[in-house]
Amino acid sequence: MADEDGGLIDFYPYRNRFPTYHRLQPEGRDRQSILDELATMAAEEDRIADRGRVSGSIYHGGRDHYAFLTEAFRLFAHANVLQRDMYPSATKLEAEIVAMTAAMLHGDDKVCGVVTFGGTESLIDPMLAYRDRGRIEKGITEPEVIVPVTAHVALDKAAHLLGIKLLKAPLAEDWRVDVEWVRRHVTPNTVAIVGSAPNYAHGVIDPIEQLADIASERGIGLHVDGCLGGFILPWGERLGHPVPRFDFRVPGVTSLSADTHKYGYALKGTSVLLYRDAALRKYQYFTNPDWPGGIYFSPGLSGSRSGGLVAATWAAMVSLGEGSYVEIARDIFRTAAAIRDGVASMPELEVIGDPTFLVAFRSPELNIYHVNDRLIEKGWRLNALQLPPALHFCVTRPNTAPGVAEAFVADLHKAVEYAKHPAREEPKSGALYGLGGTPEGNDVLNTLFTAALDAMYEVAPKDGRG
Ligand SMILES: *Cc1c(COP(=O)(O)O)cnc(C)c1O
């Protein structure tokens, strides 16, 4: 697994600085020294984000805002939202999070939803609902779902877990999904179609209205993955930016995910999943009345969850209100436009599709990973893409500080010049990308990733081994 320097990640940078625990100590440790140690790590790790040169990841970035959310979190950190008898606040807060999100996305009073642990759950749960609806209402035993090739990889995870066959639709010239391909590949086994608003790779919004027409005609579901865009596109539209319709105003849209832990500016670990109506939502519920441990029911994948995250999410939405969401979105759209214009002004680069707040670009003539190498040296942390090789800058609030877009465009000019005469043949930041997309390369990568995941659960090796 490559880090942003293109080297292998050092998973254990603290191994010689702090004590390493291989087992519980006979006696506990002094609280203050624990907090000091954690504060040291946090302060160092936050420095990367605080420079405002990171794509995505840190969506709000305001110290005050996070301190406020943490205060809300603290009050319910220990509470289990499954236990509604003890914590009726969870019912109020979650229902209101869902209602506020549904209203933002133009749902009528039939639109309903759930709060999940993140975008991944907000994509797995609806796939379960469509699969089971297909089985129960239509007797479909070999369910298929059609997704754009650019759809989020959590849908691959969903298909893997749920035994769904995933069909990957190619893109049209404009980088949006090829609608005619989708139309031709709907079969009697198709339970749902997915479109992104926008997708993670390129920030491109699929033609949701056309996908919805297909879904309506065939009586199947259309899930809109608004995990990234759900909490910012509505404000972009209000500000007058051209945002094609993607929400519940489009009749064929049957479910929609929007991540509160991205542009909802909440803490990591929550997302909202909305359904057109409760008749569809019920297919994701899990109930078991015969468990010796008691009668059990839960809305989706998760079991016990912290009330703290729910409280913090609710607090973020209520404290910001539409006014702040719009204001932040104005800055983000303005910054993204400046970056897009800067990229477009360089003949060596090509902007991918028609971006809104996330700008992806590639180069028909240069190795874009060489460009990235130089940007990394300048402290920028863009996301490297593959198939085809490209980079993206997902603009967030920290990037809207004065001068950031201008500094980025200036550094991008220099990086493009560097890429014409790179210091090394193989770009550092592209080391692994050459391997993807072929069966042999994928084998190598899968082995590497398995080793990386194993390493993530190793206690730091003793010095000398690492
Ligand atoms: C972030 C994201 C998701 C979900 O990812 P999580 O890491 O589970 O929150 C899904 N779709 C898109 C387009 C995303 O950007």
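How many cavities of 30 Å³ or more does the structure hold? In this predicted model there is one.

**Cavity**

The largest cavity has a volume of about 40 Å³. Its lining consists of F76, A79, Y87, S89, A90, L93, G307 and V310. Two elements, α3 and α10 (307-344), each give two or more residues to this lining. Helix α3 supplies the largest share, namely three residues. Sorted by class, the lining of the largest cavity contains six nonpolar and two polar residues, and no charged ones.

**Second largest pocket**

Helix α3 also appears in the lining of the second largest pocket, where four residues from α3 make up the largest share. The volume of this pocket is about 550 Å³. It is lined by 23 residues, of which R84, E94, F297, S298 and P299 are the closest to its centre. The elements that contribute two or more residues to the lining are α3 (88-104) and the strands β1 (112-116), β8 (286-288) and β9 (296-298). The lining of the second largest pocket comprises 13 nonpolar, six polar and four charged residues.

**Ligand site**

Which residues surround the ligand? They are G119, T120, L123, H152, P198, Y200, D225, C227, L228, D259, H261 and K262. Helix α4 (residues 119-138) gives the most to this shell, with three residues. By class, the shell around the ligand has five nonpolar, four polar and three charged residues.

The table gives distances from polar side-chain atoms to atoms of the ligand.

| Residue | Ligand atom | Distance |
|---|---|---|
| D225 | nitrogen | 2.6 Å |
| H261 | oxygen | 2.8 Å |
| D259 | oxygen | 3.3 Å |

D225 is thus listed with a nitrogen atom of the ligand, while H261 is listed with an oxygen atom, as is D259. Taken alone, the ligand exposes 380 Å², and the protein buries 84% of that area.

**Four-stranded sheet**

An open sheet is formed by four strands in the order β10-β11-β13-β12, with antiparallel pairing. Why is one side of β10 and of β12 left without a neighbour in the sheet? Strands β10 (350-351) and β12 (383-385) stand at the edges and each has a single partner strand, so one side of each remains without a neighbour there. For β12, three bridges make the connection to strand β13 (residues 390-394), and these two strands run antiparallel. Within this part of the sheet, A384 stands opposite L391 in β13.

**R15 in the segment before α1**

Where is R15 found? R15 lies in the segment that comes before α1 (31-50). What does the side chain of R15 reach at 2.7 Å? At that distance it reaches the backbone oxygen of Y12. The side chain of R15 is also joined to the side chain of D10, through a polar contact of 3.4 Å.

Notes: Residues are numbered from 1 along each chain as its sequence is written. This is a predicted model: local features need pLDDT of at least 70, side-chain atom pairs count only at pLDDT 80 or more; totals for chains, interfaces and linings use all residues. Side-chain values use heavy atoms; hydrogens and water are left out. On a 1 Å grid over the protein atoms alone, a cavity is a set of points where a 1.4 Å probe fits but cannot get out, and a pocket is an open set with protein on both sides within 12 Å along at least five of seven lines; lining residues have an atom within 4 Å of a point. Grid points are joined across faces, edges and corners, and a volume is the space filled by probe spheres set on the points. Ala, Val, Leu, Ile, Met, Phe, Trp, Tyr, Cys and Pro count as nonpolar, Asp, Glu, Lys and Arg as charged, and the others, Gly among them, as polar. A residue is near a molecule or strand if one of its heavy atoms lies within 4 Å of it. A polar contact is a pair of N or O atoms within 3.5 Å; within protein, one must be able to donate a hydrogen and the other to accept it, and residues adjacent in sequence count only if both atoms are side-chain atoms. Accessible areas come from the Shrake-Rupley method with a 1.4 Å probe; for residues, only the protein chains shown count as cover. Two strands pair if DSSP finds at least two bridges between them.
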